[in-house]
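Reader: Can you walk me through this one? Keep it quick.

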Number of protein chains: 2
Amino acid sequence: MYPPESPILKQVIAHLNKFIEVNEKDAQEILTFFEVRNLKKKEIIAEAGSLCNFNYFVLSGCLHMYFITDKGTERTVQFAIENWWMTDYLALHHRTASDFFIQAVEDAQILSITYDKQEQLLTQFPKLERYFRIINQISYGSSIRKVKHIYNLSKEEIYFNFITQFPEFEQRVPQFLIASFLGLTPEYVSEIRGKKRS
Amino acid sequence: MYPPESPILKQVIAHLNKFIEVNEKDAQEILTFFEVRNLKKKEIIAEAGSLCNFNYFVLSGCLHMYFITDKGTERTVQFAIENWWMTDYLALHHRTASDFFIQAVEDAQILSITYDKQEQLLTQFPKLERYFRIINQISYGSSIRKVKHIYNLSKEEIYFNFITQFPEFEQRVPQFLIASFLGLTPEYVSEIRGKKRS
């Protein structure tokens, strides 16, 4: 049981209530399905090639999901900050090995839930199906939008579009990771950031 | 009411039962929320810039979702064949104008549902939240996987990876659309297809 003033409890209630109705009693029970984990910056919590058995919810801090290219360089495909979920959904669904690594970009506090616990959670709280349906829909819609941007925008537009939409990332996330995520070189990103400042 | 032997009824029951339990009575009621539309090849059913108010389920045929680049060329971001859904999910969620056009690649038969009807449907059949949650999860996971492929694979690998995963597309979809979807030139696609045959 979390005390009523617990920041984790308050954050989870406030977040879920943006999508569905959840009272404190529900939230207390929902939280019993999760494990709280405190991560150090650069800590890796999921590895490509290992069974994808967890879904992660970020309470604070930032995670990124990446893979290692055939040329041996890391490529970030996704970031997750406060109140975002992160996992290799396809691998989690098919109960297969993940294609991606998940690493803390900053010290982070997360909730982790196993595939089986999530299924139990959804059986006990079917209204969470609606919550996950909506956030998956937003995530899917956003990734289609990203594909459009990759195809349509100039490198400079891709960068400024991203930091306009997610200004906090520019402060919190190392340039080379933003570059990796946007498919740009770190050199190019520092060049256009210089442009912007001047 | 659809007669029990109706192909549409049978298809919807068979498809939904891959994810949730739906009997014929449910399916009959579920179908009352949808409109059946028969589309001619090249018919456009959704336009970029207009309010995105529909979600589409493909009964037969093939749709593609595309946008027109600043240079004036069409770029396909998604295909939908039998039992796939298609809409601009982000625009549908935010009740805003769509970023994309949706067009029939072949003569097609689809089910269309408005945003409001879908909300009513989900209220009346909450178990469909689970169904949509799962397919959105698979779609989102697949689009992340696609971003990985764009970053990691050679042009040739991107093409063969796609036609291996979705062999029917090579027969059904014009080369220039597959090229557009994969971010390749039509010339390049016909070149590697030639390679494959030889």
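Author: Copies are superposed by least squares on the C-alpha atoms of residues with pLDDT of at least 70 in both. This is a predicted model, where local features need pLDDT of at least 70, side-chain atom pairs count only at pLDDT 80 or more, and totals for chains, interfaces and linings use all residues. Residues are numbered from 1 along each chain as its sequence is written, chains are lettered from A in the order written, and side-chain values use heavy atoms, without hydrogens or water.

Reader: What turn lays chain A on chain B?

Author: A turn of 180°, with a shift of 0.0 Å along the axis and an RMSD of 0.0 Å. The two copies are thus related as by a two-fold rotation axis.

Reader: How many residues are in contact?

Author: 42 of chain A with 42 of chain B (contact: heavy atoms within 4.5 Å).

Reader: Any salt bridges there? How many does the rule find?

Author: 14 across the interface. The rule wants a side-chain nitrogen of Lys or Arg within 4 Å of a carboxyl oxygen of Asp or Glu. One of them joins A:Lys148 to B:Asp99, with the closest N and O atoms 3.1 Å apart.

Reader: Which helix of chain A gives the most to that side?

Author: Helix 5, with 21 residues. Helices are DSSP runs of H or I, at least four residues; strands are E, at least two; both are numbered from the N terminus.

Reader: New topic. What does strand 4 of chain B pair with?

Author: Strand 5 of chain B, antiparallel, through 6 bridges. Strand 7 of chain B is also antiparallel to strand 4, with 4 bridges. Pairing takes at least two DSSP bridges.

Reader: And B:Met65, what is its bridge partner in strand 5?

Author: B:Gln78. In strand 7, B:Met65 stands opposite B:Ile102.
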